[in-house]
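Me: I should like to go through the reasoning behind several assignments in this model. Please set each value against its definition.

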Amino acid sequence: MNYMIPATRLFCLLCILVSVTANAQSKAKSGFGLPVDKSEFQLFVDKLSAQVQGRIGVSALLIETGEKIGYKADERFPMQSVYKFPIAMAALYAVDQGILTLDKPVKVAKEEYVSTGQHSPLRDKNPDGATVTIRELLRLAVSESDGSASDVLMRLAGGASSITNYLQAIGITGVIVKNTEKELATANSVQYDNWATPTQATLLLQQFQLGKGLSTNSRALLMNLMTDTQTGLKRLKGNLPPGTVVAHKTGTSNTRDGITAATNDIGIITLPNGRHLAIAVFISDAKADQTTREAAIAQIARKLWDR
(Lines give C-alpha, C1' and ligand atoms only; values in the text may rest on other atoms or scores of the structure.)
Protein backbone atom coordinates (compact mmCIF):
# COMPACT_ATOMS: atom_id res chain seq x y z
CA MET A 1 0.00 0.00 0.00
CA ASN A 2 1.45 3.38 -1.00
CA TYR A 3 1.06 6.37 1.25
CA MET A 4 1.88 9.99 0.57
CA ILE A 5 1.04 13.18 2.44
CA PRO A 6 -1.16 15.57 0.38
CA ALA A 7 0.78 18.81 0.01
CA THR A 8 -2.12 21.04 1.04
CA ARG A 9 -2.84 19.05 4.16
CA LEU A 10 0.78 18.97 5.18
CA PHE A 11 1.05 22.73 4.77
CA CYS A 12 -1.90 23.31 7.07
CA LEU A 13 -0.53 20.93 9.66
CA LEU A 14 2.88 22.54 9.57
CA CYS A 15 1.37 25.97 10.14
CA ILE A 16 0.37 24.80 13.59
CA LEU A 17 4.00 24.16 14.44
CA VAL A 18 5.16 27.59 13.30
CA SER A 19 3.35 29.44 16.06
CA VAL A 20 4.94 27.19 18.68
CA THR A 21 8.52 27.22 17.45
CA ALA A 22 9.11 30.41 15.46
CA ASN A 23 11.16 31.94 18.27
CA ALA A 24 13.27 28.85 19.01
CA GLN A 25 16.45 30.20 17.50
CA SER A 26 16.16 33.60 19.15
CA LYS A 27 15.91 31.98 22.58
CA ALA A 28 19.23 30.15 22.30
CA LYS A 29 22.08 31.93 24.03
CA SER A 30 24.83 33.16 21.75
CA GLY A 31 27.66 33.09 24.29
CA PHE A 32 30.13 30.30 24.87
CA GLY A 33 28.87 29.40 28.31
CA LEU A 34 30.09 25.81 28.41
CA PRO A 35 33.09 25.57 30.76
CA VAL A 36 35.55 25.16 27.90
CA ASP A 37 37.89 27.99 26.99
CA LYS A 38 37.01 29.14 23.48
CA SER A 39 40.57 29.75 22.32
CA GLU A 40 41.78 26.47 23.83
CA PHE A 41 38.98 24.58 22.12
CA GLN A 42 39.82 26.18 18.79
CA LEU A 43 43.46 25.17 19.09
CA PHE A 44 42.37 21.67 20.08
CA VAL A 45 40.22 21.23 16.97
CA ASP A 46 42.88 22.95 14.82
CA LYS A 47 45.24 20.13 15.79
CA LEU A 48 42.65 17.47 15.01
CA SER A 49 41.94 19.08 11.63
CA ALA A 50 45.61 18.73 10.77
CA GLN A 51 45.51 15.06 11.81
CA VAL A 52 42.48 14.20 9.68
CA GLN A 53 43.81 16.37 6.83
CA GLY A 54 40.37 17.80 6.25
CA ARG A 55 37.75 20.25 7.46
CA ILE A 56 36.05 19.78 10.85
CA GLY A 57 32.87 21.46 12.03
CA VAL A 58 31.66 21.22 15.62
CA SER A 59 28.70 22.50 17.57
CA ALA A 60 27.89 21.59 21.17
CA LEU A 61 24.78 22.84 22.92
CA LEU A 62 23.76 22.29 26.53
CA ILE A 63 20.06 21.79 25.90
CA GLU A 64 18.70 22.82 29.28
CA THR A 65 20.50 26.20 29.29
CA GLY A 66 21.19 27.05 25.65
CA GLU A 67 24.92 27.47 26.33
CA LYS A 68 27.03 26.51 23.35
CA ILE A 69 30.45 26.35 21.78
CA GLY A 70 31.47 25.74 18.19
CA TYR A 71 34.17 25.46 15.57
CA LYS A 72 33.31 26.39 11.99
CA ALA A 73 29.81 25.84 13.28
CA ASP A 74 28.05 27.91 10.64
CA GLU A 75 29.76 26.35 7.63
CA ARG A 76 28.04 23.80 5.42
CA PHE A 77 28.97 20.11 5.59
CA PRO A 78 27.58 17.17 3.60
CA MET A 79 25.35 15.06 5.87
CA GLN A 80 25.26 11.66 4.18
CA SER A 81 23.19 9.36 6.45
CA VAL A 82 22.84 11.96 9.19
CA TYR A 83 19.90 13.15 7.10
CA LYS A 84 17.99 9.99 7.98
CA PHE A 85 17.31 11.60 11.36
CA PRO A 86 15.20 14.52 10.01
CA ILE A 87 13.60 12.17 7.48
CA ALA A 88 12.52 9.91 10.34
CA MET A 89 11.19 12.91 12.27
CA ALA A 90 9.06 14.00 9.31
CA ALA A 91 7.69 10.48 8.83
CA LEU A 92 6.78 10.26 12.51
CA TYR A 93 5.09 13.64 12.33
CA ALA A 94 2.87 12.17 9.60
CA VAL A 95 2.12 9.27 11.98
CA ASP A 96 1.18 11.77 14.69
CA GLN A 97 -1.27 13.43 12.29
CA GLY A 98 -2.92 10.12 11.39
CA ILE A 99 -1.65 10.23 7.82
CA LEU A 100 0.57 7.18 8.31
CA THR A 101 0.24 4.22 10.68
CA LEU A 102 3.25 2.61 12.32
CA ASP A 103 2.14 -0.99 12.01
CA LYS A 104 0.36 -0.94 8.68
CA PRO A 105 2.26 -2.86 5.96
CA VAL A 106 3.89 -0.93 3.12
CA LYS A 107 4.89 -2.54 -0.17
CA VAL A 108 8.47 -1.84 -1.21
CA ALA A 109 9.26 -2.63 -4.84
CA LYS A 110 12.72 -3.85 -5.73
CA GLU A 111 13.01 -0.83 -8.02
CA GLU A 112 13.11 1.34 -4.89
CA TYR A 113 16.22 -0.37 -3.56
CA VAL A 114 19.51 1.50 -3.49
CA SER A 115 22.39 0.18 -5.57
CA THR A 116 24.47 -2.81 -4.52
CA GLY A 117 27.29 -0.51 -3.49
CA GLN A 118 25.06 1.14 -0.87
CA HIS A 119 24.12 -0.26 2.53
CA SER A 120 20.68 -1.91 2.68
CA PRO A 121 19.89 -4.94 4.84
CA LEU A 122 16.28 -4.69 3.59
CA ARG A 123 17.42 -5.21 -0.01
CA ASP A 124 19.89 -7.94 0.91
CA LYS A 125 17.26 -9.99 2.76
CA ASN A 126 14.46 -9.37 0.25
CA PRO A 127 15.99 -9.04 -3.24
CA ASP A 128 12.63 -9.25 -5.05
CA GLY A 129 10.88 -6.62 -2.95
CA ALA A 130 9.31 -6.61 0.49
CA THR A 131 6.28 -5.72 2.56
CA VAL A 132 7.21 -4.13 5.87
CA THR A 133 5.69 -1.83 8.45
CA ILE A 134 6.66 1.79 8.85
CA ARG A 135 7.91 0.91 12.32
CA GLU A 136 10.39 -1.53 10.76
CA LEU A 137 11.37 0.98 8.08
CA LEU A 138 12.22 3.45 10.83
CA ARG A 139 14.32 0.88 12.67
CA LEU A 140 16.19 -0.04 9.52
CA ALA A 141 16.79 3.55 8.45
CA VAL A 142 17.86 4.91 11.84
CA SER A 143 19.45 2.04 13.78
CA GLU A 144 20.96 0.24 10.76
CA SER A 145 21.29 3.20 8.38
CA ASP A 146 19.50 1.33 5.60
CA GLY A 147 19.42 3.48 2.45
CA SER A 148 16.44 1.73 0.85
CA ALA A 149 14.34 2.09 4.01
CA SER A 150 15.25 5.77 4.19
CA ASP A 151 14.14 6.37 0.60
CA VAL A 152 10.78 4.70 1.25
CA LEU A 153 10.27 6.84 4.36
CA MET A 154 11.06 9.94 2.31
CA ARG A 155 8.42 8.89 -0.22
CA LEU A 156 5.84 8.24 2.48
CA ALA A 157 6.57 11.61 4.08
CA GLY A 158 5.78 13.38 0.82
CA GLY A 159 9.28 13.82 -0.58
CA ALA A 160 12.14 16.19 0.07
CA SER A 161 10.02 19.36 -0.18
CA SER A 162 7.66 18.15 2.55
CA ILE A 163 10.60 17.33 4.81
CA THR A 164 12.02 20.80 4.19
CA ASN A 165 8.65 22.35 5.12
CA TYR A 166 8.55 20.31 8.30
CA LEU A 167 12.06 21.38 9.32
CA GLN A 168 11.33 25.03 8.65
CA ALA A 169 8.15 24.80 10.71
CA ILE A 170 10.16 23.78 13.77
CA GLY A 171 12.70 26.53 13.22
CA ILE A 172 15.38 24.65 11.27
CA THR A 173 16.66 26.42 8.16
CA GLY A 174 20.21 25.02 7.89
CA VAL A 175 19.51 21.30 7.46
CA ILE A 176 18.82 20.59 3.80
CA VAL A 177 17.34 17.28 2.65
CA LYS A 178 17.23 17.35 -1.14
CA ASN A 179 18.00 13.90 -2.61
CA THR A 180 17.19 10.25 -2.08
CA GLU A 181 19.92 7.74 -1.27
CA LYS A 182 19.61 6.39 -4.81
CA GLU A 183 20.28 9.87 -6.16
CA LEU A 184 23.28 10.29 -3.87
CA ALA A 185 24.92 7.38 -5.68
CA THR A 186 24.61 8.95 -9.12
CA ALA A 187 27.48 11.41 -8.70
CA ASN A 188 29.96 12.31 -5.96
CA SER A 189 28.90 15.96 -6.08
CA VAL A 190 25.25 15.25 -5.22
CA GLN A 191 25.99 14.61 -1.54
CA TYR A 192 27.11 18.23 -1.09
CA ASP A 193 23.56 19.38 -1.90
CA ASN A 194 22.32 17.61 1.25
CA TRP A 195 24.05 19.66 3.89
CA ALA A 196 23.81 20.95 7.43
CA THR A 197 25.62 23.46 9.53
CA PRO A 198 26.77 22.10 12.91
CA THR A 199 24.83 24.90 14.63
CA GLN A 200 21.57 23.96 12.96
CA ALA A 201 22.17 20.24 13.54
CA THR A 202 22.42 20.80 17.30
CA LEU A 203 19.38 23.08 17.21
CA LEU A 204 17.45 20.25 15.56
CA LEU A 205 18.63 17.90 18.31
CA GLN A 206 17.50 20.43 20.90
CA GLN A 207 14.06 20.75 19.32
CA PHE A 208 13.82 16.96 19.29
CA GLN A 209 14.84 16.64 22.94
CA LEU A 210 12.33 19.30 23.93
CA GLY A 211 9.54 17.54 22.06
CA LYS A 212 9.05 20.13 19.32
CA GLY A 213 7.26 18.78 16.25
CA LEU A 214 6.62 15.26 17.56
CA SER A 215 4.28 13.61 20.00
CA THR A 216 5.65 12.11 23.20
CA ASN A 217 5.28 8.57 21.82
CA SER A 218 6.95 9.35 18.49
CA ARG A 219 9.82 11.13 20.19
CA ALA A 220 10.34 8.17 22.55
CA LEU A 221 10.35 5.71 19.66
CA LEU A 222 12.93 7.67 17.67
CA MET A 223 15.05 8.28 20.77
CA ASN A 224 15.18 4.52 21.40
CA LEU A 225 16.14 3.84 17.79
CA MET A 226 18.95 6.38 17.97
CA THR A 227 20.17 4.98 21.28
CA ASP A 228 20.22 1.50 19.74
CA THR A 229 22.19 2.66 16.69
CA GLN A 230 25.02 0.24 15.96
CA THR A 231 26.93 2.34 13.43
CA GLY A 232 29.82 4.61 14.37
CA LEU A 233 30.47 3.17 17.82
CA LYS A 234 33.98 4.64 17.77
CA ARG A 235 32.76 8.16 17.10
CA LEU A 236 30.79 10.14 19.71
CA LYS A 237 30.61 7.10 21.98
CA GLY A 238 34.21 6.03 21.41
CA ASN A 239 35.91 7.63 24.45
CA LEU A 240 32.98 8.22 26.76
CA PRO A 241 32.62 6.30 30.04
CA PRO A 242 30.99 2.87 29.70
CA GLY A 243 27.24 3.03 30.06
CA THR A 244 26.94 6.62 28.85
CA VAL A 245 23.63 7.05 27.04
CA VAL A 246 24.15 8.47 23.55
CA ALA A 247 21.28 8.80 21.06
CA HIS A 248 22.97 9.49 17.74
CA LYS A 249 22.96 9.24 13.95
CA THR A 250 26.06 8.79 11.85
CA GLY A 251 26.85 9.60 8.25
CA THR A 252 29.69 8.30 6.09
CA SER A 253 30.61 8.68 2.45
CA ASN A 254 32.75 6.50 0.24
CA THR A 255 36.43 7.38 -0.21
CA ARG A 256 37.30 8.55 -3.72
CA ASP A 257 40.81 9.37 -4.89
CA GLY A 258 41.99 9.22 -1.29
CA ILE A 259 39.45 11.77 -0.02
CA THR A 260 36.43 11.01 2.19
CA ALA A 261 33.73 13.63 1.78
CA ALA A 262 31.87 12.89 5.02
CA THR A 263 32.58 11.26 8.38
CA ASN A 264 29.89 12.51 10.74
CA ASP A 265 28.09 11.87 13.99
CA ILE A 266 25.40 13.94 15.70
CA GLY A 267 23.63 13.05 18.90
CA ILE A 268 22.38 13.75 22.39
CA ILE A 269 24.65 12.72 25.27
CA THR A 270 23.12 12.34 28.72
CA LEU A 271 25.52 13.85 31.27
CA PRO A 272 26.06 12.56 34.83
CA ASN A 273 24.06 15.50 36.23
CA GLY A 274 21.05 14.54 34.11
CA ARG A 275 21.45 17.35 31.62
CA HIS A 276 21.76 16.73 27.89
CA LEU A 277 24.52 17.76 25.53
CA ALA A 278 23.58 18.03 21.87
CA ILE A 279 26.68 17.64 19.76
CA ALA A 280 27.37 17.58 16.04
CA VAL A 281 30.75 16.75 14.55
CA PHE A 282 31.23 16.79 10.78
CA ILE A 283 34.51 15.92 9.05
CA SER A 284 34.61 16.75 5.37
CA ASP A 285 37.04 16.14 2.51
CA ALA A 286 39.58 14.35 4.72
CA LYS A 287 42.63 12.42 3.53
CA ALA A 288 43.28 10.49 6.77
CA ASP A 289 42.07 6.93 7.27
CA GLN A 290 38.82 6.01 9.01
CA THR A 291 40.50 5.19 12.32
CA THR A 292 42.00 8.67 12.51
CA ARG A 293 38.77 10.38 11.50
CA GLU A 294 36.64 8.48 14.00
CA ALA A 295 39.19 9.05 16.75
CA ALA A 296 38.97 12.81 16.16
CA ILE A 297 35.19 12.74 16.70
CA ALA A 298 35.65 10.67 19.87
CA GLN A 299 38.27 13.07 21.21
CA ILE A 300 36.01 16.08 20.66
CA ALA A 301 33.13 14.40 22.49
CA ARG A 302 35.40 13.45 25.38
CA LYS A 303 36.86 16.96 25.58
CA LEU A 304 33.41 18.41 26.07
CA TRP A 305 32.37 15.65 28.46
CA ASP A 306 35.44 16.15 30.69
CA ARG A 307 34.89 19.89 31.02
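Me: What is the bridge partner of A60 in β2?

Reply: In β2, A60 has I69 as its bridge partner. On β11, the residue opposite A60 is I279. Please note that this is a predicted model, in which local features need pLDDT of at least 70, side-chain atom pairs count only at pLDDT 80 or more, and totals for chains, interfaces and linings use all residues. Residues are numbered from 1 along each chain as its sequence is written, and side-chain values use heavy atoms, with hydrogens and water left out.

Me: What makes β1 and β2 a pair of strands?

Reply: Strands are DSSP runs of E of at least two residues, helices are runs of H or I of at least four, and both are numbered from the N terminus. Two strands pair if DSSP finds at least two bridges between them. β1 and β2 (residues 67–71) have 5 bridges in the antiparallel sense, so the definition is satisfied. β1 also pairs with β11 (residues 276–284), again in the antiparallel sense, over 8 bridges. The hairpin of β1 and β2 has 4 residues between the strands, and G66 in the turn has a positive phi of about 85°.

Me: Why is β1 called largely enclosed?

Reply: Buried means under 20% relative accessible area, exposed over 50%, and partly exposed in between, with a 1.4 Å probe and protein chains only. In β1 (residues 55–62), 7 of the 8 residues are buried, so the strand is largely enclosed by the rest of the structure. β2 has a covered face of E67, I69 and Y71 and an uncovered face of K68 and G70.

Me: How do you know that the length of α4 agrees with its number of residues?

Reply: The expected span of a helix is 1.5 Å times one less than its number of residues. For the 13 residues of α4 (residues 84–96) this gives 18 Å, and the end C-alpha atoms are 18 Å apart, so the two agree. Because 12 of its 13 residues are buried, α4 is largely enclosed by the rest of the structure. Just after α4, G98 has a positive phi of about 80°.

Me: Why is the pair of Y93 and Y166 called tilted?

Reply: Rings of Phe, Tyr and Trp (its six-membered ring) pair if their centres lie within 6.5 Å; planes under 30 degrees apart count as stacked, over 60 as edge-to-face and the rest as tilted. The whole structure holds 4 aromatic pairs. For Y93 and Y166 the centres are 5.2 Å apart and the planes lie at 40°, so this pair is tilted. Y93 belongs to α4 and Y166 to α8 (residues 160–169), so the pair ties together parts that are 73 residues apart in sequence. Both Y93 and Y166 are buried.

Me: Why does S145 count as buried, and K212 as partly exposed?

Reply: S145 has 9% relative accessibility, and therefore counts as buried. This residue lies in the loop between α6 (134–143) and α7 (147–156). K212 has 27% relative accessibility, and therefore counts as partly exposed. K212 is placed in the loop between α10 (198–209) and α11 (216–227).
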